[in-house]
Amino acid sequence: MNEHKTYPFELIPLPYEYDALEPYIDAATMRFHHDKHLKTYVDNLNNALKDYPEFHSWTLEELLKKLDKLPEQIRGAVRNNGGGVYNHDLFFALMAPPGQTMPKKIVDAFGGESEWQKQMKSAALGQFGSGFAWLVEDKLGKLSIIALPNQDNPLSSSLFPILPLDVWEHAYYLKYQNLRANYIDAWFHVINWTAVSERMRRAGKTGS
Ligand code: MN3
């Protein structure tokens, strides 16, 4: 992932085959989403920073945490495209072929797997237009679920991003058309809970 890397940022290859998440997420959607949409965010982020060498030593995480320190001319582009890169790196890394088990920490925090799913689905359906539903952790280690518009990232609100669910139409339109709820139900099958656990351990160590 690019989160701890600096300019120029890269298109990170998928950690699995394009069809690895079938039948829940189809190969055609994965190709467009990763090879086209994510690549555009990477290219636009690099273009935005190209003429600002003073930020070439900042990691993507730092850029998103300190948007207010950036010049106005590039702040919007970094928010949208830097968020686009971070959010998609994480979204793709935190999916895997079906069959993994939800970590106990999340089951306990939300009172059960189905209760967690209910809250995540509600946030994802409630996000009007484009955006993400997020499982986040605050500085005290408390887990919660939020929705953010467009490519906004929890780091910009002092929250640590644990698990994103992309609900932009490009994430599901080819297979599910307008049926966002069906796509959300499908995504629940392909969460990489092993990697989510890793992120929660890291959040616990570093705080947000
Ligand atoms: Mn997307």
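Biologist: Which residue of β3 is the bridge partner of Glu-137?

Modeller: In this predicted model, the bridge partner of Glu-137 in β3 is Phe-160. Two further pairs involve the same strand: Val-136 has Pro-161 as its bridge partner, and Ala-133 stands opposite Leu-165.

Biologist: What makes β1 and β3 a pair, and in which sense do they run?

Modeller: Two strands count as paired when at least two bridges are found between them. Strand β1 (residues 131–137) and β3 have six bridges, in the antiparallel sense, and therefore they meet the criterion.

Biologist: How do you know that β1 and β2 pair as well?

Modeller: The requirement is again at least two bridges, and β1 and β2 have seven, also antiparallel; Trp-134, for instance, stands opposite Ile-146 in β2. The hairpin of β1 and β2 has five residues between the strands, and Gly-141 in this hairpin takes a positive phi near 85 degrees.

Biologist: What makes β2 and β3 the edge strands?

Modeller: The three strands form an open sheet in the order β2-β1-β3, with antiparallel pairing. Each of β2 (143–149) and β3 pairs on one side only, and this is the sense in which they are edge strands. From one strand to the next, the twist averages 25 degrees.

Biologist: Why is β3 described as largely enclosed by the rest of the structure?

Modeller: Seven of the seven residues in β3 (residues 160–166) are buried, so the strand is largely enclosed by the rest of the structure. Strand β1 is likewise mostly covered, with seven of its seven residues buried.

Biologist: How do you know that both faces of β1 are covered?

Modeller: On one side Gly-131, Ala-133, Leu-135 and Glu-137 are buried, and on the other side Phe-132, Trp-134 and Val-136 are buried too.

Biologist: Why is Asp-166 called buried?

Modeller: The cut-off for a buried residue is under 20% relative accessible area. Asp-166, which belongs to strand β3, has a value of 0%, and therefore it counts as buried.

Biologist: What makes Asp-166 a donor of the manganese ion, and which other residues are protein donors?

Modeller: A donor must be an N, O or S atom within 2.8 Å of a metal such as this one. The protein donors are His-33 (NE2), His-88 (NE2), Asp-166 (OD) and His-170 (NE2), at 1.9 to 2.2 Å from the manganese ion, and therefore they satisfy that limit. Along the chain these donors follow the spacing H-x54-H-x77-D-x3-H.

Biologist: Why can His-33 and His-170 be said to tie together parts of the structure?

Modeller: His-33 is in helix α1 (residues 27–49) and His-170 is in the loop between β3 and α6 (173–176), so this pair ties together parts that are 137 residues apart in sequence. Both His-33 and His-170 are buried.

Biologist: Which side chain makes a polar contact with the side chain of Asp-166?

Modeller: The side chain of His-33 does, at 2.9 Å; the limit for a polar contact is 3.5 Å, and therefore the pair qualifies. Leaving aside neighbours within four places in sequence, the contacts of Asp-166 include His-33, His-88, Phe-91 and Tyr-183.

Biologist: Which residues touch the most other members of the largest nonpolar core?

Modeller: Among its 67 residues, those with the most contacts to other members are Met-95, Ile-106, Trp-116, Leu-163, Leu-165, Tyr-183 and Trp-187. Helix α3 (residues 72–93) supplies the largest share of this core, seven residues. For Ile-106, contacts beyond four places in sequence include Trp-116, Leu-135, Leu-143 and Trp-193.

Biologist: Why does Phe-110 count as buried?

Modeller: Its relative accessibility is 9%, and the cut-off is under 20%, so Phe-110 counts as buried. Phe-110 lies in helix α4 (residues 104–110), and among its contacts beyond four places in sequence are Trp-116, Leu-135, Leu-143 and Ser-144.

Biologist: Why is Asn-150 called partly exposed?

Modeller: Asn-150 has a relative accessible area of 38%, which falls between the 20% limit for buried and the 50% limit for exposed, and therefore it is partly exposed. Asn-150 sits in the loop between β2 and β3 and has a positive phi of about 55 degrees although it is not a glycine.

Biologist: What makes Gln-177 notable in its phi?

Modeller: Gln-177 is not a glycine, yet its phi is positive, at about 50 degrees. Gln-177 is in the loop between α6 and α7 (180–187), and at 38% relative accessibility it counts as partly exposed.

Definitions and conventions: Residues are numbered from 1 along each chain as its sequence is written. This is a predicted model: local features need pLDDT of at least 70, side-chain atom pairs count only at pLDDT 80 or more; totals for chains, interfaces and linings use all residues. Side-chain values use heavy atoms; hydrogens and water are left out. Buried means under 20% relative accessible area, exposed over 50%, partly exposed in between (1.4 Å probe, protein chains only). Helices (H or I, at least four residues) and strands (E, at least two) are DSSP runs, numbered from the N terminus. Axes are lines fitted to C-alpha atoms, for helices over the stretch in contact, and angles run from 0 to 180 degrees between N-to-C directions. Donors are N, O and S atoms within 2.8 Å of the metal (3.2 Å for Na, K and Ca); water is not among the atoms, so sites may look incomplete. A nonpolar core is a set of buried Ala, Val, Leu, Ile, Met, Phe, Trp, Tyr and Cys residues joined through side-chain atoms within 4.5 Å. Contact means heavy atoms within 4.5 Å. A polar contact is a pair of N or O atoms within 3.5 Å; within protein, one must be able to donate a hydrogen and the other to accept it, and residues adjacent in sequence count only if both atoms are side-chain atoms.
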